[in-house]
Amino acid sequence: MKFQWICVFIFFLIFVTHCASIRPKRELCKNIYFKNDVIKLNKNEKIFICGDKNVKVWSEIPRNQAIQQLKIALMHRGFFNSKVETNNGKIQIDIGPQTTIKSIEVYGASEDLSYDISQYVYRQKLTTKVIEQIKNKIIIKLRNSGYACPRVNIQSIPTKEFIRIDIESGAKYLIKKVVRENSTLFSESVFDRYQAFDIGQSFNATLLELSSQRFVNKGILQSSYYYVLCDDNGVTISHSFLVGKPKILRLGFGATTEEILIFRGSFLNSRLDRESSELNSQFYLSPRLQEFELGSMLYLFENFPKVSWSPGIQISREDEPAFTSTLLETQLGFMFRTDDEYRLYQIYLGPTHNYRVTEIGNNPSEVAYLSLNASISIKSHDFEYYYVSPKKGYETRLFLQSQWAGIASVIKAHEVSWTGTLLHDLYDFSKSTSILGLRWMISTTFTDEKLIKGTKLPPSYLIFLGGDDNLRGFKRKQIDNKGFGYLTAFYLGLESRFILNHITSFQPLAFVDYAKVGTQSSKLDAGYFWSPGFGLRWASPIGAFRGTYALGFVEDIIGYKQESVLFLSYGKEF
């Protein structure tokens, strides 16, 4: 517990230092002062007002010019009623009240869009930055709704606290063709595989950006951009890209109060052939989990360019409260991926050979078995696009792991699990956003094995709850049935994250987790666990910091007591 409070203290010091560093001084420059309220000017603005002693022609700025430039800088920030006072050769600036938008007129938009715009704009500060944000937000909304080349013009009358927005949406377009320069390094099927859109579907600018993200993240391209040109003949989409070296090394680190320090890295060779077959390796290191994986995605089938053979090997060591175990997995499966207009589908099927050694725990000390693994994953394009800062969309996965007695295995066991995350931006066009998150897990293992001493079930078929992944009011994998784990579990977590405004990067959150467990296949026991809590997320320039505090309650289940957990992390998300 002492370590957790040390982390809280460090987090508080970072926050105080950040706040102190952004506080501007009252003296702007020699003989120019702010009288009451103070604003922070950028470097170029200060040169125009105060001059630059290192450049002779800018060493002294005439007083009238300095005042004029300062007023322009204030008007950009919404201060249209500033006053200048001169006292003993010194200039004092009273910036006055900041103008807010209280009257809006929108022309050329649908009734629903006009309402959303008015709700977003009302009582915003009438600054140059806000006007540009309003314009960009409207354009993005239209470009994601089929309007490839909309035009938006905004006029303001500060004295009346009024703005007028004129919108020319233009025509709705379908994506008919993408013009792309030929490349000797790739076949055309590579672009078809990773594009998030199909020819013939409605224009959506976000899907163009998402496609570029995929090409770069996969290491296929060094840079990628889609240019859109509208004329009387329709819309033309041109794909411009730069091909870099196919080998990418990525390293990163994070920290949590559950795993202390986390180090992870990956190496990727994304261009083994013209079909962009890949060889990848990655590692994950923490006191709780050490994992190394070597895998590949080989596109060998000319008539099925979205199907890959994906052999791989993985070795991992888990050190959890209920068990300490080492696992060697060898996979020989096939992967299929495809997109429709709204989501990405990935299907995996193949055999896996497992060899596990358990040093501490109730599971067999050494076991080897062959299993058939299958999964279906569905991820919405919104969820993938906002992955770095989650705000909308969903992902879900159905997983099956089966082994049969007599087929390279001594027991029969079939695990079925369904997991998912759903995020919803409650006010998609609003300046004050609340993001609602839902996480779930339903899992059971069908087997004749009993959860008693001498069980032959390995930990991969068992369920352990507790920690940041599910019940946040209990310690990591603390819900463990005296170390034997559970065969069945149901978990549901509801979380709301509040973005108070778009200037500060601090976001408070509240959540509640609920779970039931069972010691038999496809059957839940009486009683349940639940964990209410709250926290704070800080989207800092170097990554996301997150802290939560939760209470863990037990209802009608023997062997557990009420808990409370403070969790801090750097690098973990929604």
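Visitor: What makes Arg-164 count as lying over the face of Tyr-107?

Guide: The distance is 4.2 Å from the ring centre. The rule asks for NZ of Lys or CZ of Arg within 6 Å of the ring centre and within 35 degrees of the ring normal. Arg-164 lies over the face of Tyr-107, so it passes. The charged end of Arg-180 sits over the ring of Phe-191 too, 4.1 Å from its centre.

Visitor: What kind of model is this, and which atoms count?

Guide: It is a predicted model, where local features need pLDDT of at least 70 and side-chain atom pairs count only at pLDDT 80 or more, while totals for chains, interfaces and linings use all residues. Residues are numbered from 1 along each chain as its sequence is written, and side-chain values use heavy atoms, leaving out hydrogens and water.

Visitor: Why is the pair Phe-301 and Phe-334 called tilted?

Guide: Rings of Phe, Tyr and Trp (its six-membered ring) pair if their centres lie within 6.5 Å; planes under 30 degrees apart are stacked, over 60 edge-to-face, and the rest tilted. Here the centres are 6.3 Å apart and the planes stand at 40°, so the pair is tilted. Phe-301 is in the loop between β14 (289–297) and β15 (307–319), and Phe-334 is in strand β16 (residues 324–339), 33 residues apart.

Visitor: How do you know whether Phe-301 is buried, exposed or partly exposed?

Guide: Buried means under 20% relative accessible area, exposed over 50%, partly exposed in between (1.4 Å probe, protein chains only). Phe-301 has 33%, so it is partly exposed. Phe-334, at 40%, is partly exposed as well.

Visitor: Why is the pair Phe-474 and Phe-529 called edge-to-face?

Guide: The planes stand at 85° and the centres are 5.6 Å apart, so the pair is edge-to-face. Phe-474 lies in the loop between β21 (433–447) and β22 (488–499), and Phe-529 in strand β24 (residues 528–540), so the pair ties together parts 55 residues apart in sequence. Phe-474 has 1% relative accessibility, so it counts as buried. Phe-529 has 0%, so it is buried too.

Visitor: How many aromatic pairs does a search of the whole structure find?

Guide: There are 20. Ring pairs also link Phe-253, Phe-506, Trp-538, Phe-545 and Tyr-570 into a cluster.

Visitor: How do you know how far helix α5 should reach?

Guide: Helices (H or I, at least four residues) and strands (E, at least two) are DSSP runs, numbered from the N terminus. The expected span is 1.5 Å times one less than the number of residues. Helix α5 (residues 128–143) has 16 residues and reaches 22 Å from its first C-alpha to its last, close to the 22 Å expected. Its buried residues include Ile-131, Ile-134 and Ile-138. An α-helix has 3.6 residues a turn, so residues three or four places apart point the same way.

Visitor: What makes β5 and β6 edge strands?

Guide: Two strands pair if DSSP finds at least two bridges between them. The open sheet has 3 strands in the order β5-β7-β6, with mixed pairing. β5 (103–107) and β6 each have a single partner strand, so one side of each is left without a neighbour in the sheet.

Visitor: What makes β5 and β7 a pair?

Guide: They share 5 bridges, in the parallel sense. The rule asks for at least two, so they pair. Val-106 stands opposite Ile-165 in β7.
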